Amino acid sequence: MDQDKEHLRLLAIFHYIVSGLAALFSFFPLLYTIIGGIFIFAARHGTAKPGEELPPEFLGWIFAVLGSVLFVIGIAMAICILIAGRSLALRKRYSFALVIACIECLFIPFGTILGVFAIVALSRESIRALFSNTTAQAPG
């Protein structure tokens, strides 16, 4: 039983770390947003050199929207991983932690490693019992 608690504690810590990495990497798509903004500005206010054309404005909007959407998705995933780590630490929301562990497997390499270990640990009956004991002891 103590080994299971230690595994959950370590999984929670690693979820916090991967959440921070996911939040950090989610800022990279903002480069697309900046490039899109530059394209939009150039299309509206730029002057073309002789023999050259300015980039079309819609291309800038595609870059800006795509970068913004990827940023929001990355931040949302980082928040979900953080909540899953907190759920593991508190031994609550078993299903949520398991679903996030499955989704984490898409984030190669750190998310895959953590997701597989979390799935293996959460699949054990003794750890599932720890989650159900916590909910049974909760007041109210």
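Y32, F39 and F63 form one aromatic cluster. The model is predicted. Across the whole structure, a search returns five aromatic pairs. One of them joins F27 and F71. Their ring centres lie 5.2 Å apart, and the planes make an angle of 55°. This geometry counts as tilted. The F27–F71 pair links distant parts of the chain. F27 sits in the loop between α1 and α2. F71 belongs to helix α3, which covers residues 57-90. The two residues are 44 apart along the chain. F27 is partly exposed because its relative accessibility is 44%, between the limits of 20% and 50%.

A further aromatic pair consists of Y32 and F63. This pair is also tilted, at 5.8 Å centre to centre and 35° between the planes. Y32 lies in helix α2 and F63 in helix α3, so the contact ties together parts 31 residues apart in sequence. Y32 has a relative accessible area of 40% and is therefore partly exposed. F63, at 24% relative accessibility, counts as partly exposed. Both residues belong to the aromatic cluster with F39.

Helix α3 also packs against a helix that follows in the numbering. The axes of α3 and α4 (residues 94-104) come within 9 Å. They cross at roughly 135°. The two helices are therefore oblique to each other. The crossing of α3 past α4 is left-handed. On the α3 side, the contacts come from M77, C80, I81, I83, A84, S87 and L88. On the α4 side, these residues meet F96, A97, I100, I103 and E104.

Helix α1 spans residues 2-25 and contains 24 residues. From its first C-alpha to its last, α1 reaches 35 Å. This is close to the 34 Å expected at 1.5 Å a residue. The buried residues of α1 are D4, L8, L11, A12, H15, V18 and S19. In an α-helix there are 3.6 residues a turn, so residues three or four places apart point the same way. Among the buried positions of α1 are D4, L8, L11 and H15.

I13 lies in α1 as well. I13 has 34% relative accessibility and therefore counts as partly exposed. I13 and F117 are 104 residues apart along the chain. Their C-alpha atoms are separated by 13 Å.

Note on methods:
Residues are numbered from 1 along each chain as its sequence is written. This is a predicted model: local features need pLDDT of at least 70, side-chain atom pairs count only at pLDDT 80 or more; totals for chains, interfaces and linings use all residues. Side-chain values use heavy atoms; hydrogens and water are left out. Helices (H or I, at least four residues) and strands (E, at least two) are DSSP runs, numbered from the N terminus. The expected span of a helix is 1.5 Å times one less than its number of residues. Buried means under 20% relative accessible area, exposed over 50%, partly exposed in between (1.4 Å probe, protein chains only). Rings of Phe, Tyr and Trp (its six-membered ring) pair if their centres lie within 6.5 Å; planes under 30 degrees apart count as stacked, over 60 as edge-to-face and the rest as tilted. Axes are lines fitted to C-alpha atoms, for helices over the stretch in contact, and angles run from 0 to 180 degrees between N-to-C directions. Angles under 35 degrees count as roughly parallel, over 145 as roughly antiparallel, 65 to 115 as roughly perpendicular and the rest as oblique. A crossing is left-handed if the near helix is turned anticlockwise from the far one by less than a right angle, and right-handed if clockwise. Contact means heavy atoms within 4.5 Å.
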